[in-house]
Structures are given as structure tokens and as C-alpha cells.
There are 2 protein chains.
Amino acid sequence: MKKIIGILGGMGPGATADAFEKLVARTPAGKDQEHIPVIVASLPDIPDRTENIIHSGVSPLPAMLNSLNILKEAGASCIIMPCNTAHYWYDALKKHSGIPFISIIESTCERIISEDKQPVAILATTATIRTRLYQNKLAKSAATYLLPDEKDQDEIMKSILLYKSGNSELAYKTLLPCLVKLEDSGAKHFIMGCTEIPLILHDLSRKQPEKYIDTTEELIKKAIRWYYS
Amino acid sequence: MKKIIGILGGMGPGATADAFEKLVARTPAGKDQEHIPVIVASLPDIPDRTENIIHSGVSPLPAMLNSLNILKEAGASCIIMPCNTAHYWYDALKKHSGIPFISIIESTCERIISEDKQPVAILATTATIRTRLYQNKLAKSAATYLLPDEKDQDEIMKSILLYKSGNSELAYKTLLPCLVKLEDSGAKHFIMGCTEIPLILHDLSRKQPEKYIDTTEELIKKAIRWYYS
């Protein structure tokens with residue numbers, strides 16, 4: 001059977017496009033026909049993940065399962081989901097999928113552990129922080145991590161929402177002071193643990209790829225390894 | 001019924017990612033949920049379009065119809081195909097689709113005619129030139145166009161294949177002298193009539209968007225208008 005990667009996207013659409021672009025760019029192909037077959041479902045009318053976790057809003061799970069079913073029916077043989085917060089529902093989605101489902105959290109933590117990138121600061125949505133998606137995984141390997149204080153976490157969340165609303169410049173300006181403070185507190189590395197953050201910090205993180213860990217990039221690298229395995 | 005745009009992609013995957021990224025970037029959305037639902041089929045194992053047209057290679061139509069069926073079954077209510085050469089099969093695909101199918105050739109020519117962008121040079125694959133996809137459409141509106149000479153057309157084709165093989169820098173260096181000659185011959189505008197060309201000429205064309213007409217961009221703008229109509 002032909003291998004096809006399914007991208008469960010739309011959370012947000014910009015991060016989905018970024019993941020797809022990175023997948024194409026990182027594939028060692030010499031012509032069109034050598035590229036990895038991909039189906040993308042970017043159906044962004046998925047209830048807000050953070051709203052659900054923090055304020056008990058509508059569950060996004062049924063809409064996510066709908067996208068997953070579309071990908072499976074289209075022939076996907078492996079799923080990736082370029083949204084960190086959505087990985088709160090990873091176990092439920094993986095179980096339902098019945099096919100390989102590569103976790104962005106695991107892909108990222110594997111790199112942090114294997115390259116000993118500590119202490120690492122976690123930049124993510126308030127929901128990703130509250131549900132301890134990264135903290136639990138890092139703690140298992142006794143990796144040292146830092147979190148922003150509550151006020152800065154609000155600023156980081158504001159920055160993500162600004163980016164989603166189309167204001168990338170203000171998003172950057174809002175996020176930057178939080179990085180400085182985390183660095184002053186001892187952070188040597190940063191997990192860009194929301195797939196909008198590599199877009200907000202695009203120029204800065206490109207210059208220091210060893211310092212800023214791009215979760216989308218880690219997910220894509222693992223997906224490409226799966227394809228060629 | 002919910003409107004969903006289906007992107008019939010993979011020709012090539014880089015151009016598909018570019019089209020998706022442009023669709024997201026040009027959509028006037030304030031949050032994830034306001035974005036346009038999109039399904040992308042990037043199944044690049046489609047026989048080479050230029051090979052088929054020029055050297056009677058294997059027909060790409062069955063593989064293109066397969067992608068089209070996947071998009072329809074996934075719920076697409078309108079199709080776009082970010083590949084100019086593939087529009088040689090546009091009528092057959094449109095007839096089979098039974099849903100709106102926006103042509104990249106028509107979208108581009110509409111802008112050229114309405115903004116009187118003449119004389120315009122056509123930069124495209126040798127197959128797109130030989131099958132007169134742009135020439136026939138422009139001639140109907142009595143628009144003046146220029147074509148590269150045969151030697152330069154070979155260089156343009158070489159540049160496109162270089163880009164597809166991952167060598168973007170050499171692709172740019174190969175294409176540039178052809179532009180200069182066309183400009184010396186009187187070209188005031190350029191149709192970037194292969195969806196790899198806006199990628200090859202990325203920096204140059206961004207600086208002069210009135211001179212370099214991005215066919216992917218024109219297709220996306222029309223698709224967004226369709227969505228909001």
C-alpha cells in the first residue's frame with residue numbers, strides 16, 4: 001500500500017500551511033514524483049481548544065474526529081497534527097485513528113532529551129501549559145524546564161491570538177519581552193510549543209535554530225523518517 | 001452546504017504549498033474559525049505533464065482524476081489546480097468534476113485584460129507554450145504578448161526543472177538572462193505562467209508585483225472571491 005501522510009490541520013490554518021511547506025522543503029526529492037504524498041484537511045471551524053480547556057467551552061473533539069475520518073477515507077496511512085494544544089486529545093484521536101499518529105510533543109521532547117537542551121523554557125498556549133503536555137513528558141526524563149510567570153503567560157497567549165488575527169508585527173513585539181525575562185531566569189533553549197510561535201519568531205529563530213526549538217519542524221522530521229522507514 | 005475549496009496539487013508540491021499559504025494569507029480572517037475550509041490532495045506521483053505533451057509520455061489524466069475524486073469525496077465544493085501546464089486537461093477535469101473549477105489561465109488573463117498589462121511576456125513550461133494555453137486566451141482579447149525564442153525557452157524549462165530538483169539558486173541564475181532579453185524585446189510585464197516561477201523569482205517579483213504577474217496569486221484571489229460570493 002502506498003504511504004500517504006495526512007495532516008490534521010486548521011488549528012490554525014497558517015500553522016498548517018507552514019507544516020506542509022516544511023514537509024515539502026525537507027523531503028530529499030529530485031523531481032515532483034519523488035515527493036511524499038500528502039492529504040491536508042484544513043477545516044478550521046473547530047471549536048477553540050484553549051477555550052474548551054480553560055473555560056469549559058464546546059469540545060473540539062467531534063470536529064477533530066471528522067477531519068481525521070476525512071483523512072483516513074482519502075487514504076492517509078499516518079497522521080500528523082501541527083497544533084500543540086490539540087494534543088490534549090491525542091490519546092483519543094490516536095485510538096480512533098487505528099493508524100500511526102505521530103505526536104508533536106513526543107517528537108519535540110525526543111530532540112530535547114537526546115541533545116540535552118536544558119534548561120528549556122516552554123512557550124505555549126495557556127491550555128498547553130495548564131494541561132502539562134510538555135511538563136509531564138520532560139519530567140519523565142528529569143529534564144529541567146522553566147515556565148513564564150502568570151502575567152507573561154497572558155502576554156504569550158495574547159501574542160498567539162494577535163498572530164491568528166493577522167497582526168504578526170504586534171504579536172512579535174508582545175512576545176519578545178517574555179523571552180528576555182525567561183533568558184534572565186536561566187533559560188538556555190526555548191520550546192516554540194505552539195505552532196504559531198515559529199511564525200511569530202520566524203526571523204529570530206532562523207538565526208538561532210539551536211536555541212529555538214521549532215515543534216513543527218520536529219514533527220515534520222519525524223514524519224519524514226516514518227515515510228522512509 | 002458548507003463551502004470547501006479543494007486544491008488539486010502535487011504538480012509540484014512546492015507550488016501546492018505556496019498556493020495554500022497564499023490562500024491563508026489573503027483570507028480576511030480574525031481567528032482560526034473564520035478561515036476558509038480547504039482540503040489539499042498533494043499526491044505527486046502524477047506522470048509528468050510536459051513529458052506527455054512533448055514526448056507522448058504516459059497520460060497524467062487518470063492520476064489527476066483520482067486526486068479530483070478524493071477531493072470531491074472529502075467534501076470539496078470548488079476545485080483549484082495550482083499548475084498551469086495541467087490546465088491542458090482543464091476541460092476534461094472540469095466536466096468530470098461537476099462542481100465549480102476555477103481556471104488559473106482564465107484568472108490570470110482576466111487581470112491582464114482588465115488592467116491592460118501589455119505587451120506581456122509568457123514565462124511557462126515548453127508544454128504550456130506549445131499547447132498555446134495563454135496565447136489562445138490572450139489572442140481572443142487582442143492582447144499583445146511575447147514569447148522567448150527557442151533557445152531561451154529551453155533555458156526556462158531547465159530553470160523550472162532545477163527548482164523542482166531543489167536547486168533554487170541555479171534556477172534563478174538560469175532564468176534571469178531570459179527576462180532581460182524579453183524586456184529588451186519590449187516586454188513590459190511577465191506572466192509567471194508556471195507555478196514554480198513565482199518561487200524562483202520570489203524576491204524579484206515581490207519588489208515589482210505590477211510587473212510580474214503571479215498566476216498562483218491570481219488563482220487564489222479568484223478562489224477567495226468565489227468563497228465569499
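The following paragraphs describe how chain A and chain B meet in this predicted model.

The extent of the interface may be considered to begin with. Chain A and chain B each bring residues to the contact: 36 residues come from chain A and 36 residues from chain B. Between them, the two chains bury about 2,600 Å², and 59% of this area lies on carbon and sulfur atoms. Within the area that chain B buries against chain A, B:F20, B:D32 and B:Q33 supply 23%, more than any other three residues.

The polar and charged interactions may be examined next. Between chain B and chain A, 9 residue pairs are in polar contact, both residues being at pLDDT 80 or more. The side of chain B that touches chain A receives two or more residues from each of the elements α1 (13-26) and β2 (38-42) of chain B. Of these, α1(B) gives the largest share, 7 residues. By residue class, this side of chain B divides into 19 nonpolar, 9 polar and 8 charged residues. Charged side chains also meet across the interface of chain B and chain A, where 6 salt bridges are found. A salt bridge joins the side chains of A:D45 and B:K2, with a distance of 3.5 Å from N to O.

Finally, the strands deserve attention. Strand β2 of chain A, residues 38-42, pairs with β2(B) in the antiparallel sense, over 5 bridges. In this pairing, A:V40 stands opposite B:V40 of β2(B). The element β2 of chain B therefore appears in two descriptions, as DSSP runs define the strands: β2(B) pairs with β2 of chain A, and β2 (38-42) of chain B gives two or more residues to the side that touches chain A.

Conventions
Residues numbered from 1 in each chain as written. Chains lettered and ligands numbered in written order. Predicted model: local features only at pLDDT ≥ 70, side-chain atom pairs only at ≥ 80, totals over all residues. Heavy atoms only, no water. Contact = heavy atoms within 4.5 Å. Buried area = accessible area lost by both parts, 1.4 Å probe. Salt bridge = Lys/Arg side-chain N within 4 Å of Asp/Glu carboxyl O. Polar contact = N/O pair within 3.5 Å; in protein donor to acceptor, adjacent residues only side chain to side chain. Helix = DSSP H or I, 4+ residues; strand = E, 2+ residues; numbered from the N terminus. Nonpolar A, V, L, I, M, F, W, Y, C, P; charged D, E, K, R; others polar. Pairing = 2+ DSSP bridges.
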